[in-house]
Each structure stands twice: as structure tokens, then as C-alpha cells.
There are 4 protein chains.
Amino acid sequence: MRIGLCGFGKTGRPVARTILQDRDSRLEWVIRRSVHASRGPLADQIERSNSGNSRIFTASNMPIDALLDMYPVDVIIDFSGVDGLSYYGEAAARRAVRIVSAVSSYPSEHQDILRELSTQTPVLWSPNITLGVNLMILAANLLQMIAPLADVEIVEEHFRLKKGVSNTAKIIAQSLGVLEGDIKSLRAGGIVGTHEVVFGFPSQTVRLRHESVSPEAFGEGALFAAKRMETLAPGLYTMEDLLIPSFIENARKLQPRLFAVNS
Amino acid sequence: MRIGLCGFGKTGRPVARTILQDRDSRLEWVIRRSVHASRGPLADQIERSNSGNSRIFTASNMPIDALLDMYPVDVIIDFSGVDGLSYYGEAAARRAVRIVSAVSSYPSEHQDILRELSTQTPVLWSPNITLGVNLMILAANLLQMIAPLADVEIVEEHFRLKKGVSNTAKIIAQSLGVLEGDIKSLRAGGIVGTHEVVFGFPSQTVRLRHESVSPEAFGEGALFAAKRMETLAPGLYTMEDLLIPSFIENARKLQPRLFAVNS
Amino acid sequence: MRIGLCGFGKTGRPVARTILQDRDSRLEWVIRRSVHASRGPLADQIERSNSGNSRIFTASNMPIDALLDMYPVDVIIDFSGVDGLSYYGEAAARRAVRIVSAVSSYPSEHQDILRELSTQTPVLWSPNITLGVNLMILAANLLQMIAPLADVEIVEEHFRLKKGVSNTAKIIAQSLGVLEGDIKSLRAGGIVGTHEVVFGFPSQTVRLRHESVSPEAFGEGALFAAKRMETLAPGLYTMEDLLIPSFIENARKLQPRLFAVNS
Amino acid sequence: MRIGLCGFGKTGRPVARTILQDRDSRLEWVIRRSVHASRGPLADQIERSNSGNSRIFTASNMPIDALLDMYPVDVIIDFSGVDGLSYYGEAAARRAVRIVSAVSSYPSEHQDILRELSTQTPVLWSPNITLGVNLMILAANLLQMIAPLADVEIVEEHFRLKKGVSNTAKIIAQSLGVLEGDIKSLRAGGIVGTHEVVFGFPSQTVRLRHESVSPEAFGEGALFAAKRMETLAPGLYTMEDLLIPSFIENARKLQPRLFAVNS
């Protein structure tokens with residue numbers, strides 16, 4: 001799978017690292033906003049993986065069509081910001097290059113653009129693109145459907161300077177019918193990011209907890225999405241769209257294990 | 001639902017309390033091993049709920065058929081021990097009274113008896129009959145099926161004097177392909193009971209944790225089972241048999257929530 | 001130690017049970033508000049421990065001086081309500097009977113009464129009389145003094161119906177300089193009570209967590225206090241007053257263990 | 001404070017980053033084993049902070065005395081391996097340069113060398129040099145001294161490939177009288193490092209939990225130690241030696257807060 005990466009900042013860099021380590025993928029190029037020369041071991045590694053050509057370009061100096069002519073890709077992974085879409089969106093859709101965007105929020109006009117692009121190519125947008133968070137959200141929803149009377153509380157913990165309630169916690173809350181104002185947000189030190197859903201029953205408690213260890217989780221999630229989208233028709237997808245079929249398919253395979261244990 | 005309860009010990013008593021509080025159920029009688037007179041507020045409450053007749057009997061003084069003639073029931077809930085089955089089993093099966101047994105382990109010959117009885121009436125056996133633990137087990141199995149490469153660790157915590165690894169932890173381990181010897185058992189003070197499954201990914205961790213608050217959880221689980229079994233054909237069931245259809249049915253209803261959040 | 005217990009409600013009863021189990025103590029009497037006859041296994045047990053005399057009295061029928069004349073005690077443990085104090089306070093102080101009150105909050109005029117009584121006898125008041133919570137509070141305060149720059153967050157979890165922020169959490173918050181409005185309160189199912197203090201450092205997190213298992217913890221705390229007060233002069237004390245000398249004394253005995261490990 | 005750093009590997013590099021960010025410190029040089037040229041943003045940053053001179057040297061090409069003549073330091077911080085000591089030890093002691101070693105374990109002959117060097121200069125050795133872990137160890141010891149009857153369990157969690165029980169957990173176990181074989185070790189995914197001490201009481205549980213967020217914690221601990229040692233006489237110290245006086249001093253300042261809360 002040939003990948004173009006949009007964004008080379010705090011999250012884009014570990015994502016590049018994850019792509020470089022993946023055997024089935026090839027990081028064709030990185031496009032970034034800054035005109036500063038990119039140096040350092042990660043830039044070196046990207047250069048080496050491309051036979052000595054630096055493949056880190058600045059958006060303002062490199063038209064997207066020229067870039068895609070020189071170095072075609074199967075998928076563009078976007079960890080930049082709201083504006084990245086206007087750089088690559090139209091060209092990617094025209095060429096049927098899949099789009100995976102992890103931009104944390106888009107104004108509604110950009111969401112309209114996503115929808116339009118998705119008529120020509122598969123587009124996935126997930127503001128919380130880690131596999132673990134999305135598995136947790138779906139498992140929590142499933143538990144709530146089965147035990148609708150349980151009380152639900154949501155706690156999220158992040159580093160001191162993070163402003164506002166985390167977007168991921170908002171999505172969890174919305175999906176479980178919890179008011180955004182009822183989310184409990186802790187801010188302390190350098191906590192990377194933790195989300196916990198507490199189900200309270202009269203005589204027992206069930207907790208689902210997701211702890212982020214490092215931002216490489218985003219790269220792993222984006223690669224998972226890029227691969228799964230290979231067989232999909234054009235359309236607008238979320239991580240949940242990719243995972244729900246697995247939930248259904250595997251739920252069908254669930255087996256009682258008890259008697260196996262005892263016999 | 002008319003209920004007969006077998007067992008009036010440390011767990012049987014809170015189960016009786018839970019049944020008395022349930023609007024849809026009626027505790028017809030309690031059968032116990034000890035010949036000591038039962039006194040105290042719980043015995044009083046059982047008496048009051050039956051128009052002033054004490055309905056707590058001792059197995060050795062009360063033949064099961066006489067008991068079922070006087071006070072017929074729809075289901076027998078068994079929190080006694082291995083021997084309870086030989087008291088009520090044959091009579092219950094003959095009369096098509098449903099059986100819910102929460103006895104924590106049966107020798108294989110008793111398991112054979114369960115299977116035989118189950119040709120005549122629905123029989124459920126669950127050594128860990130709480131709703132929460134079984135939901136957790138199924139959710140953990142589902143996550144593992146979807147993310148089979150994640151590392152899995154199991155931790156259980158119980159009160160100081162609990163001997164051996166908890167049966168529930170063994171069932172969790174077996175279902176997830178973890179060796180029984182790899183379960184981590186903590187014993188400290190008066191902890192009622194905690195089970196945690198840790199899924200380790202390279203850059204993130206997902207934890208499922210079940211905490212028992214009080215033994216009433218067993219009564220809630222038994223009532224849930226007794227009600228669900230109302231529509232079932234004769235056969236041998238576990239809690240998981242009752243819950244898996246809910247998992248499948250609800251997994252089908254899972255919906256991506258993302259765009260709803262943002263629009 | 002001869003003990004009189006004031007209050008025989010939801011918390012008073014398990015406290016009575018704890019006192020009955022303590023080898024060094026003797027439950028001389030219980031005084032309660034309700035005129036209903038007390039029955040049940042706990043009442044039986046109290047009766048048996050006093051050679052067959054029921055020793056559960058109703059405040060309105062039993063003048064405190066008559067009670068103390070018949071059955072003198074060394075300490076009165078109060079788990080009743082605000083009003084208990086007016087029943088026994090003056091008589092206890094006059095007879096130099098120690099007072100341990102676990103009433104959760106007193107209006108300021110009752111606090112004045114406590115102060116006055118404490119000129120004649122040792123009086124301890126603690127709205128959160130468990131040993132564990134008080135140890136946690138002191139340890140958290142000590143850590144904050146040593147690492148004053150760490151961020152601090154406080155989370156408390158209780159059963160669904162508990163109203164308002166827990167008093168214990170308020171005391172923790174006040175002691176650590178956290179605003180009461182910044183406490184995060186979760187309400188779910190039947191959680192008995194959990195308090196967690198999170199210290200956030202840039203690259204690490206330290207958590208202190210207290211989990212209540214059962215209300216017997218209050219009895220254990222009250223007995224601990226009653227015994228420690230045996231050697232104290234009249235005065236007004238808190239649990240912290242009893243524990244701080246232990247902190248100081250034991251902090252002096254702290255030893256570096258490293259070289260012992262390696263040699 | 002002028003600092004020389006020994007070791008520029010997986011832990012040494014984030015330590016260098018922490019030193020560069022500290023206002024009161026100056027990273028004079030780094031000594032490393034590898035002869036490969038050091039490049040990348042961190043090397044650039046070290047160069048810039050020293051007016052354009054690269055200050056990363058290879059041990060085999062740079063005699064320690066020449067290095068200390070050119071660029072004198074107040075303290076050497078060692079995150080290399082067992083062998084680092086033979087490079088800088090004797091020269092540092094002769095020049096009264098303080099030594100802070102975070103090497104995770106030393107054979108006994110190297111421990112003897114440490115002792116000898118410490119007759120000339122203050123030497124601190126801590127295989128677990130984070131502030132948080134050491135605070136947790138001391139707090140746990142203090143709680144155990146005050147509540148010696150509580151059950152104690154120790155759990156440590158680390159990334160999948162970590163071999164053996166963590167050294168830190170061993171030190172915790174030793175200090176609390178827990179057998180090394182009773183430590184519960186979890187290995188899952190990429191968990192940076194978690195240590196938990198569980199105190200079990202009959203009716204309550206107290207947990208102390210330390211979670212490592214990133215290896216910068218080691219740098220913070222080393223800087224803390226280097227600064228505290230400024231006023232110390234020659235001798236062999238551990239992190240606990242530096243922290244215990246704070247524990248004693250602050251324990252003396254502990255205040256009951258109750259009545260302040262209520263008045």
C-alpha cells in the first residue's frame with residue numbers, strides 16, 4: 001500500500017514512524033505546511049526508505065497533481081488540520097485515491113466537502129482514530145443495549161493543559177445518551193489520555209477503560225483503516241463503520257464455554 | 001413467577017432478600033439443610049409475605065413432592081451445594097419446574113444428572129451467575145476475536161481467606177485462551193470480588209473490570225435467568241446461552257454515531 | 001472497654017456487630033430512637049452477650065442517668081444523628097465517659113456543645129471515621145507538602161441515590177487546597193464509596209485510592225478511636241489528631257532499603 | 001548547575017531533553033559509547049545550547065580528565081551501564097564532582113567502588129530514580145508501619161517484552177516484607193510501567209498506584225537528586241535518603257483540618 005501523509009507535526013511525526021515500520025506499507029511522501037527544512041533521524045529514515053530522496057515537501061511549493069504524478073499513492077492519510085482537505089481533496093477524489101482523515105473536528109462546510117468527495121472515492125473520517133477507543137465505544141454501546149437500566153458515568157483524564165472536554169469523551173457520551181455536561185474531566189500532569197465508562201448495577205460495577213500509551217496509536221489506527229478500506233466502495237465511513245461488521249460477525253461466533261471448562 | 005429457593009446460607013439469604021423485593025416474583029418457600037429454627041427479620045419477612053405462614057423448611061423433614069403439592073412453583077433456584085440436586089432434581093424435572101443452579105462446581109456425575117434432567121425441563125447452571133461478570137466475559141471474548149493480536153492478562157482480587165484461584169477467573173481464562181497458571185490472584189482484606197481483563201496493544205491499553213459490590217448480585221442474576229428461561233424449551237443452558245442472543249441481536253443494531261455528533 | 005452505642009440504624013447495626021466481635025470490648029447497651037421492639041439475629045446476639053437481658057433501649061423511655069447507673073460504660077459511640085448529643089452529652093461529660101461521635105455533620109451550635117463537653121472528657125468527632133480514609137487523607141497531604149507543584153484531582157464514587165458531594169471528599173479537597181466545585185462526583189448503581197486523589201507530574205502519575213467494602217469499616221474506626229482515647233486528656237479530637245503522632249513517629253523510623261536489597 | 005551526562009541511549013536521550021529544558025541547569029557534555037556520529041534534532045539542540053559546538057563525545061576517543069579540564073561540571077549523571085563508572089568514577093571523585101547514577105543494577109564489586117568513591121564526593125545511586133516511585137514507596141512504608149495488620153499485595157505492569165520482575169517492584173516488596181515470588185507481574189502491549197500497592201483491611205481497601213507516563217520522569221528525578229545533593233557531605237545516598245527528611249519534616253507539620261472545614 002502506497003501512502004501519502006499530510007501533516008508532520010506533533011501527531012504526524014509518530015504516525016510517519018508507524019508507517020515506516022509497517023511491512024505492508026510504503027510512505028511515498030510527506031506534505032507539510034512549514035517551509036523549514038526537515039532534519040533529524042525521522043527525516044533521514046524517510047529519505048533512506050526512498051533510496052536517498054528526501055520526500056518531505058511543503059504544500060505551498062508543491063502542487064498536488066505534480067506530486068501525485070511523480071509519486072502515486074493508494075491512500076492519503078491526513079493528520080494536518082482543517083485546511084489540508086483543500087490541498088489534496090479534489091485531486092485525490094478525481095484519481096480515486098482513498099482518504100483517511102484524523103482531523104479532530106471540521107466545520108460543517110468541510111463536512112459537506114467530505115460527503116461530496118466520498119461520491120468518488122472511499123473517505124474515512126475519525127477524530128479519534130485509535131483502534132482501542134473505537135472498540136471500547138462499541139463494546140460500551142453493546143453493554144448498554146443489553147443492560148439499559150445500568151447507570152452510566154464517563155470519566156476522561158488528560159494532561160494539565162488540554163482545554164475543554166475531550167472530543168472522544170463527547171462522542172462516547174453522545175453514543176450512550178449521557179449529557180456532555182455530565183462528563184467528568186480530570187486534568188493532571190502529563191497524562192496522555194484515559195477514557196473510562198462506568199456501568200453501575202445495584203450490586204456490581206462494570207468498567208471499560210482505555211488508556212493511551214503513546215501517539216503511535218493514531219498511526220496504527222490509520223493503517224488499520226487504510227487497509228480495511230481497500231475493498232470498500234466510494235462512500236463516507238467512520239472507524240465504527242469498519243468495526244461494526246466485525247462485531248456482528250464475531251458476536252455470531254460467541255460460544256458458551258462453561259461445560260468445556262468443567263468436562 | 002412462583003419461586004422455590006434451595007439454600008439459606010451466606011449467599012442464599014441475600015438471594016431470598018432480592019426475590020422478596022422483586023415485583024414479578026413470589027418466594028413460595030425456602031428449603032434448607034439445618035434443622036435449627038430460622039428467626040430474624042428475613043424469616044419474618046418471608047412469613048409476612050405468605051400471610052403469616054413460615055415457609056422455611058428443612059430438607060430432612062419435608063419430602064419434595066409434598067412440598068410441591070402444597071406450594072407449587074415455576075422455578076427452583078438452587079444456592080445450596082452439590083447435594084441439593086438429589087433432593088429436588090427428579091421431582092422438578094417430572095413436573096416441568098425450571099431449574100436454576102448456581103452451585104459453584106459439580107462433580108462430573110452430577111453434571112450428567114443435570115444433562116438428564118434437562119431433557120424434561122429447562123435447566124440453567126452457572127457457577128458465576130451475576131449478570132455483570134457474564135456480560136464482561138462475553139465482551140472480552142468479542143474484543144479478543146476482533147483484535148486477536150492483543151496481549152491478554154487476567155487479574156482477580158478477593159478477600160484474604162479465599163482459597164485457590166476464583167472459578168470465575170478460570171472460566172474467563174479458559175474462554176480467552178489464557179493458561180490458568182497465568183491468572184494473577186490478589187488476596188487482601190475483605191475485597192468482595194474483582195475481575196479485570198487487560199488487553200495490551202503496542203500503544204494503548206483496554207481494561208474490562210468487574211467489581212462485586214454485594215452478594216445480592218447473585219439473586220439479581222438468578223432472577224434474570226429464571227425469567228428468560230420462561231420461553232425456552234427443555235435443555236441445558238448457561239448464562240452465556242441466555243446473553244449471546246442479546247449480543248447478536250444488539251450488535252446488529254450498532255450504529256456509527258459520529259456524524260450525528262457533528263451535524 | 002465497656003461501650004454504649006447510640007444509634008441502631010443502617011450504620012449503627014453493623015457497628016454493633018463489629019463491637020460484638022471485638023475481644024477487648026463489651027457492648028453494654030444500645031440506645032435507639034424507635035419504640036418498635038428490636039428483633040432479629042443481631043438483637044439476639046446482643047441479648048446473649050449480656051446473659052439473656054435485652055439491652056436495647058429507647059431514648060424516650062430510658063433516662064440516661066438511670067442507664068449509666070445500671071450499666072456504666074467507658075465510652076459512648078454515637079452513630080445516631082444531630083439529636084443524640086442532647087440525650088447523652090451532659091451526663092457522659094459529668095461522669096468522664098469518653099465520647100466518640102461519627103455524626104456526619106453538626107450545626108455550629110452543636111459544635112459549640114462538643115467543645116464545652118470536651119473540657120470535662122475526651123471527645124472525638126469524625127464525620128468519616130474509617131481508618132483507611134483518614135490514613136489516605138494524611139498520606140495525600142504529606143505527598144502534597146513534599147511535591148507541592150503536582151496537579152491534584154479528586155474523584156469520589158457512590159451509589160446512585162447519594163445526594164450532593166460526599167463530606168469526605170469535601171474534607172480531602174479542603175485539606176489539599178482543591179476547590180469543592182472541582183471535585184468529580186460519580187453516581188452509579190450500588191457503589192459503597194470510593195475516594196481517589198490523583199497527583200499529576202509531567203511524566204508520571206501517583207494515585208491514592210480508598211474503597212469502602214462495607215459499613216463495618218465505621219465500627220472498626222470507632223473502636224480504634226475509642227481505644228486510643230483511653231490515655232488522652234479531656235479535649236476535642238479528630239481521627240487525624242490520633243493518627244498524626246503515628247505519622248510523625250513512624251516517619252522518623254523510615255529507612256532507605258536499597259542497599260539491603262542489593263547486598 | 002553544570003551537568004555532564006553519561007549515556008545517550010533509550011533513556012539517556014530523554015534525560016538530555018529534560019536537562020536542556022531546566023532553567024537552573026546546563027548540559028555541558030554528553031559521553032556515549034557508540035562512535036557513530038550523533039545527528040538529529042536533539043544533537044542540534046545540544047549544539048545550539050553550547051554556542052555551536054557539538055558536545056557529544058565518544059568514551060574511547062575522549063579521556064575523562066581532558067574532558068573535565070575543558071568543560072568542568074558540578075555533577076555527572078549516569079544513565080549508561082555498569083561500565084560507565086570505570087570511565088568517570090575515579091576522576092569525578094578526585095575533583096569532588098557529585099555522582100548521580102541511575103544504573104539499574106551493579107554487581108557487588110561495583111557497589112564497593114561506589115562506596116569508595118563516596119568517601120570523596122557525594123554519590124547517589126538509585127535504580128528507580130523517579131520522584132513518584134520513591135514517594136510511593138515511602139508512603140507505602142509509612143502506611144504499613146501505622147497499620148501493620150493490613151494485607152499487602154504488589155502488582156506491576158510493563159510492556160510485553162520486559163523480562164523478569166521489575167527491579168522497582170522488588171525494592172517495594174523488600175521494603176514491605178512481601179516475598180519477591182508473591183509480586184504479581186503483568187506483561188501487556190506497550191505499558192510504560194505501573195506499580196500498585198494494595199492494602200487490604202477487613203472492610204476497606206487502600207491503593208497506592210504509580211504510573212509512568214514517559215521516560216522523562218527519570219531526568220526529572222535525576223535533576224531533583226543532583227540539586228538536593230548540592231549541600232550534602234561526601235557519602236553514599238539513595239533517593240530515599242533525600243526524601244526521608246522531607247517526610248519527617250512535613251509529617252511534623254500535618255494538621256487536623258476538620259474543624260476548619262466546618263466552621
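**Exercise 1. Chains D and A**

State which rotation superposes chain D on chain A, and which residue of chain D has the C-alpha nearest the axis.

Solution. In this predicted model, chain D is brought onto chain A by a rotation of 180 degrees, with 0.0 Å of shift along the axis. The RMSD of this superposition is 0.0 Å. Next, look for the C-alpha of chain D nearest the axis: it belongs to D:G40, 1.8 Å away. Finally, consider the interface. Of the interface residues of chain D, 100% are also interface residues in chain A, so the copies meet through the same surface.

**Exercise 2. Chains B and A**

Work out how chains B and A are related, and name the residue of chain B that comes closest to the rotation axis.

Solution. Chain B superposes on chain A after a rotation of 180 degrees and a shift of 0.0 Å along the axis, with RMSD 0.0 Å. The two copies are therefore related as by a two-fold rotation axis. The residue of chain B closest to that axis is B:L208, whose C-alpha lies at 2.4 Å. As to the interface, 100% of the interface residues of chain B are interface residues in chain A too, so these copies meet through the same surface.

**Exercise 3. Two packed helices**

Describe how helices α6 and α9 of chain C pack, and classify the residues in their contact.

Solution. Two packed helices are described by the angle between their axes and the distance between the axes. For α6(C) (residues 131-146) and α9(C) (residues 239-253), the angle is about 55 degrees and the axes are 10 Å apart. An angle of 65 to 115 degrees would count as roughly perpendicular and one under 35 as roughly parallel; α6(C) is therefore oblique to α9(C). The crossing is right-handed. Now list the residues: on α6(C), those in contact include C:L131, C:L135, C:L138 and C:L142. Their partners on α9(C) are C:M239, C:E240, C:L243, C:I244 and C:F247. The residues of this contact divide into 10 nonpolar, one polar and one charged.

**Exercise 4. A helix in chain D**

Identify the buried residues of helix α2 in chain D and the elements they pack against.

Solution. Helix α2(D) covers residues 41-49, and its buried residues are D:L42, D:A43, D:D44 and D:I46. They pack against α1 (12-21), β2 (26-32) and β3 (56-58) of chain D. After the helix comes D:S51, with a positive phi near 55 degrees.

How values were computed
Residues are numbered from 1 along each chain as its sequence is written. Chains are lettered from A and ligands numbered from 1 in the order in which they are written. This is a predicted model: local features need pLDDT of at least 70, side-chain atom pairs count only at pLDDT 80 or more; totals for chains, interfaces and linings use all residues. Side-chain values use heavy atoms; hydrogens and water are left out. Buried means under 20% relative accessible area, exposed over 50%, partly exposed in between (1.4 Å probe, protein chains only). Helices (H or I, at least four residues) and strands (E, at least two) are DSSP runs, numbered from the N terminus. Contact means heavy atoms within 4.5 Å. Axes are lines fitted to C-alpha atoms, for helices over the stretch in contact, and angles run from 0 to 180 degrees between N-to-C directions. Angles under 35 degrees count as roughly parallel, over 145 as roughly antiparallel, 65 to 115 as roughly perpendicular and the rest as oblique. A crossing is left-handed if the near helix is turned anticlockwise from the far one by less than a right angle, and right-handed if clockwise. Ala, Val, Leu, Ile, Met, Phe, Trp, Tyr, Cys and Pro count as nonpolar, Asp, Glu, Lys and Arg as charged, and the others, Gly among them, as polar. Copies are superposed by least squares on the C-alpha atoms of residues with pLDDT of at least 70 in both.
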